[in-house]
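Me: Please look closely at one helix of this model and at its surroundings. I would like a single connected account, with the criteria stated as they arise.

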Amino acid sequence: MIRHSYFRCKSVVSRRKCQGQGIRMSTATVDAATPRYDTIESRKAYFENIYKSLGLQSMDDWYKVTSVEVLKFGEGPLKLYNRSFSKALEDTYKDHTWAPWRFREGGTNRKRLWNEPHKPREFLEALRKEMGWKSLEDLYKLNKRTISSRGASLLLRQAKNSIARLLQSAYPEHEWIPWKFPHIGPSTWSDDQNVRKFFEYCQKELKLESFEDWYQVKGTKIASLGGRSLLVRKFKNSLPLALKSAFPEHEWLEWKFRITPMGWWKDPKNQK
């Protein structure tokens, strides 16, 4: 006598075992026993069950949910998205604007997020909107705490903790000025071309018409324009030494500066 079962033998191994026991299965019932998630309807049913079970009140509440909490309801459609529930949500609810960096996912899923070329710029554009920054120039105000507090600490680490490097990568079409950032890396001033560009920038900002006008400029003014670290680290806080390095083609007269380089008057040659 052949027995029929519509509730057993869900796996291939079990089906073989059942066949050996003379149990015949309904193919349609086997397919129904293992839900498919290749349709939006099936994925929505999966997430709506979690949504209700966790007592979520809005779509933004998904950002508070961890991968561990989701997996308690079964892997479901996540297996189609490398176990990333944020990716599954984005693909299921395409009409909602998601901020994937706000999800509480870590590990390889977070790394994959920032490896997508458009994601860093997408994050920065969302941040600009949140902060009310209308111009790219406003991004010079950006600090590491603001980035990390919004779930993008890994993105910053990938940029070697350099906001300048991050922005240059996200907006390559924009000319970023290194000394306008709050923190200037030491490598910036090791390039002599950057030193000259900085003083050309100062010349324009201060409306200096000739090299002679530099003699009346204070070092504090240069520092306020972003050159504090340059003067201190590279030129011993001496504006004359910095200008001689930036514009070697001009013959500078140290005694005409408001403050001469330290020890300059001690040299007998300079006393003649």
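Reply: Helix α13 is followed by Lys 236, which has a positive phi, near 50°; helices here are DSSP runs (H or I, at least four residues; strands are E, at least two), numbered from the N terminus. The model is predicted, with local features requiring pLDDT of at least 70, side-chain atom pairs counting only at pLDDT 80 or more, and totals for chains, interfaces and linings using all residues. Residues are numbered from 1 along each chain as its sequence is written, and side-chain values use heavy atoms, leaving out hydrogens and water.

Helix α13 covers residues 219-235, 17 in number, yet its end C-alpha atoms lie only 11 Å apart, short of the 24 Å of a straight helix. The expected span is 1.5 Å times one less than the number of residues. A kink of about 120° is centred on Gly 226, the bend being the angle between axes fitted to the seven residues ending there and the seven starting there.

Gly 226 is also among the buried residues of α13, which include Ile 222, Leu 225, Leu 230 and Phe 235. Buried means under 20% relative accessible area, exposed over 50%, and partly exposed in between (1.4 Å probe, protein chains only). The buried residues of α13 pack against α11 (186-190), α12 (192-205) and α14 (239-246), where contact means heavy atoms within 4.5 Å.

Towards α12, the two axes come within 11 Å and cross at roughly 150°; axes are lines fitted to C-alpha atoms, for helices over the stretch in contact, with angles from 0 to 180 degrees between N-to-C directions. At this interface, residues of α12 including Val 195, Phe 198, Phe 199 and Cys 202 meet residues of α13 including Ile 222, Gly 226, Leu 230 and Phe 235.

Ile 222, Phe 198 and Phe 199 are also among the residues with the most contacts inside the largest nonpolar core, which has 68 residues. Such a core is a set of buried Ala, Val, Leu, Ile, Met, Phe, Trp, Tyr and Cys residues joined through side-chain atoms within 4.5 Å. Trp 214, listed there as well, touches Ile 222, Phe 199, Cys 202 and Leu 243, among others, not counting residues up to four places away in sequence.

In the loop between α13 and α14 lies Asn 237, with a positive phi of about 65° although it is not a glycine. Asn 237 counts as exposed at 55% relative accessibility.
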